[in-house]
Amino acid sequence: MEILFDEQTIQKRISEMASEISAYYKRQEWYKYTMEPVHILCVMFGGLPFTTDLMKRLSIRFKYHWMRVSSYCGTTTSIRDPKILVKPRKRFLDDNILIVDDILESGKTIRTIKEHIKWPGQDIRTAVLLRKPDKISSGVRADFIGFDIPDKFVVGYGLDYKNRYRKKPYVAVWGEDESGSSES
Ligand code: IMP
Ligand code: MG
């Protein structure tokens, strides 16, 4: 597989993102003048490695939650609308939320999550490790982005092909010739 970002490159970028994100919140009036935490919402399963590595480096008050959303049917194309499989237990009302996911492709996943948790008065931000700029439908954006990548199917660091490769510490381009491999 062609490695796009090795472990060291990913970890270095996450440290930079943690600084950017922390700085953003420290500038917000609500963060400065209330004791409210940022509510981090991890999109399972793909967003898990990124969320945990990011949280270790944030220098802000936060709590964390998760939800499970499915967009792919174990293949390499998103062929249906995302489904919320597990909702967060908390109702976010007027909390301020940072959605954290592995990758922004069409943006349908992020849009679905925002529609689900939307409540007036919230500051809802999004952080993704990867973005495929060529695939995004209009109107969806992320606030914090690790790397832009070409329109190729990638695996590793949370991203899977049929539930494989998620635990690799790097991000690589998946190729057809990998389909018979026994790597997990
Ligand atoms: P979107 O809804 O089209 O933005 O797709 C986002 C979701 O699709 C992500 O949370 C991933 O779970 C999955 N996804 C998108 N692109 C890839 C990829 O290249 N490899 C593995 N999963 C992907
Ligand atoms: Mg996902």
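In the predicted model, isoleucine 60 is in contact with Ser22, Tyr25, Lys26, Tyr31 and Val38, when neighbours within four places in sequence are left aside. The residue belongs to the loop that joins helix 3 (48–57) to strand 3 (62–70). Its relative accessible area is 10%, and because the cut-off for burial is under 20%, isoleucine 60 counts as buried. One of the contacting residues, serine 22, stands 38 residues away along the chain, yet the C-alpha atoms of serine 22 and isoleucine 60 are separated by 5.8 Å.

Helix 3, which precedes this loop, contributes several residues to the interior. Phe50, Thr51, Asp53, Leu54 and Met55 are buried within helix 3. The packing partners of these buried residues are helix 1 (7–27), strand 2 (38–44), strand 3, strand 5 (96–104) and strand 6 (124–131). Two of the residues in contact with isoleucine 60, Ser22 and Val38, fall within the ranges of helix 1 (7–27) and strand 2 (38–44), respectively. Strand 3 likewise appears in both settings, as an element bordering the loop of isoleucine 60 and as a packing partner of the buried residues of helix 3.

At the level of the whole chain, 4 helices and 9 strands are assigned. Read from the N terminus, these elements follow the order β-α-α-β-α-β-β-β-α-β-β-β-β. The radius of gyration is 16 Å, close to the 16 Å that the globule rule gives for 184 residues, so the chain is as compact as a globular protein of that length. Taken along the principal axes, the box filled by the C-alpha atoms is roughly 55 × 35 × 30 Å. Of the 184 residues, 49% are buried. Among contacts with a separation of 6 or more, 62% are made by residues 24 or more positions apart. The exposed area of the chain is about 9600 Å², of which carbon and sulfur atoms supply 50%.

Empty space was also examined. Rolling a probe the size of a water molecule over the atoms shows where such space is left. The second largest pocket holds about 150 Å³ of space. Its lining draws on Lys87, Pro88, Lys90, Arg91, Phe92 and Leu93, together with His116, Ile117, Lys118 and Trp119. Classified by residue type, this lining comprises 5 nonpolar, 1 polar and 4 charged residues. Among the charged residues of the lining are Lys87 and Arg91, whereas Phe92 and Trp119 are among the nonpolar ones.

Definitions and conventions
Residues numbered from 1 in each chain as written. Chains lettered and ligands numbered in written order. Predicted model: local features only at pLDDT ≥ 70, side-chain atom pairs only at ≥ 80, totals over all residues. Heavy atoms only, no water. 1 Å grid on protein atoms, 1.4 Å probe; cavity = no way out; pocket = protein on both sides within 12 Å on 5 of 7 lines; lining within 4 Å. Points joined across faces, edges and corners; volume = space filled by probe spheres on them. Rg over C-alpha atoms; globule rule 2.2 N^0.38 Å. Buried < 20%, exposed > 50% of the residue type's maximum accessible area, 1.4 Å probe, protein only. Contact = heavy atoms within 4.5 Å. Areas by Shrake-Rupley, 256 points an atom, 1.4 Å probe, with all protein chains shown as cover.
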